[in-house]
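Open the model in your viewer and keep the sequence panel visible. The stops below go from the whole chain to single residues.

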Amino acid sequence: MAIKHNQKLVNNHFRKDWQRRVRTHFDQPGKKASRRTARQAKAAAVAPRPVDKLRPIVRCPTIKYNRKVRAGRGFTLAELKEAGVPRRLAPTIGISVDHRRQNLSEESLAINVARLKAYRQRLILLPRRSNAPKKGDTKTDLSKVNKAATVSSVLPIAPTDLAVKYIKKSEMPKEIEGGAYTKLRQARSNARYQGAREKRIRDKAEAESAKK
């Protein structure tokens with residue numbers, strides 16, 4: 001319990017074996033060399049393929065950062081379908097897929113479809129067996145082809161233009177007659193009472209036909 005009022009301090013001792021619990025990072029230079037060696041080994045293992053995968057261009061979340069673009073987790077199924085890439089083939093040719101992501105604009109869909117098509121144009125598929133090439137394999141000499149260690153170096157994600165843009169007064173949209181608020185309220189009212197008005201007109205027509 002905490003001590004209250006003007007009492008003497010309790011002679012607690014906090015002389016624990018803290019040396020066993022202290023974390024030091026004296027191995028930083030060695031870890032740096034180990035990571036570099038691991039990267040080189042990975043590149044040699046997957047050669048002549050690049051070490052990374054093709055990633056989509058996505059916007060950063062929140063209003064504060066949505067002007068910036070970055071690499072996303074994977075392409076959507078709609079983007080793959082639009083680009084003509086089969087869903088199950090994509091991971092086997094170095095294209096990352098994220099089935100949970102959704103396209104919220106036509107612009108993002110078009111940008112990533114163009115990115116996929118540019119990748120397919122540069123892609124070289126080597127046959128697993130040199131004496132038995134399959135459909136879609138590229139028949140070319142690997143020694144005469146420019147190879148890339150990373151996909152991001154060939155298809156980089158360029159930053160967007162963050163400058164403020166000005167437009168002319170003539171390019172401004174025309175003002176809505178009566179104001180936007182009145183127009184929205186009128187449209188909402190028409191949608192709400194459309195069924196009742198149609199019913200009233202229908203009942204009136206039926207009453208007049210019954211009189212005749």
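**Whole chain, then two loci**

Begin with the whole protein chain, coloured by burial: in this predicted model, buried residues make up 15% of its 212 residues. The exposed area comes to about 19400 Å², and carbon and sulfur atoms supply 54% of it.

Switch to a cartoon. The protein chain has 6 helices and 2 strands, and their order along the sequence is α-β-α-β-α-α-α-α. The chain is more spread out than a compact globule, because its radius of gyration is 33 Å, well over the 17 Å that the globule rule gives for 212 residues. Show the C-alpha trace and align the view to its principal axes, along which the trace spans about 100 × 90 × 45 Å.

Next, draw the contacts with a separation of 6 or more: residues 24 or more positions apart account for 56% of them.

Select the charged side chains. There are 53 positive and 18 negative charges in the protein chain, and the mean positions of the two sets are 11 Å apart.

Now select Ala 47 and Pro 48. What kind of peptide bond joins Ala 47 and Pro 48? The bond is cis, with omega about 5°. Pro 48 sits in the loop that runs between helix H1 (28-46) and strand E1 (57-59).

Move on to Thr 62, which belongs to helix H2 (residues 62-65). Check its backbone: phi is near 75°, a positive value in a residue other than glycine. Is Thr 62 buried or exposed? Its relative accessibility is 52%, so Thr 62 counts as exposed, the cut-off being over 50%.

Methods: Residues are numbered from 1 along each chain as its sequence is written. This is a predicted model: local features need pLDDT of at least 70, side-chain atom pairs count only at pLDDT 80 or more; totals for chains, interfaces and linings use all residues. Side-chain values use heavy atoms; hydrogens and water are left out. Helices (H or I, at least four residues) and strands (E, at least two) are DSSP runs, numbered from the N terminus. The radius of gyration is taken over C-alpha atoms; the globule rule is 2.2 Å times the number of residues to the power 0.38. Buried means under 20% relative accessible area, exposed over 50%, partly exposed in between (1.4 Å probe, protein chains only). Contact means heavy atoms within 4.5 Å. Accessible areas come from the Shrake-Rupley method with a 1.4 Å probe; for residues, only the protein chains shown count as cover. Lys and Arg count as positive and Asp and Glu as negative; His and the chain ends are not counted. The place of a charge is taken as NZ of Lys, CZ of Arg, CG of Asp or CD of Glu.
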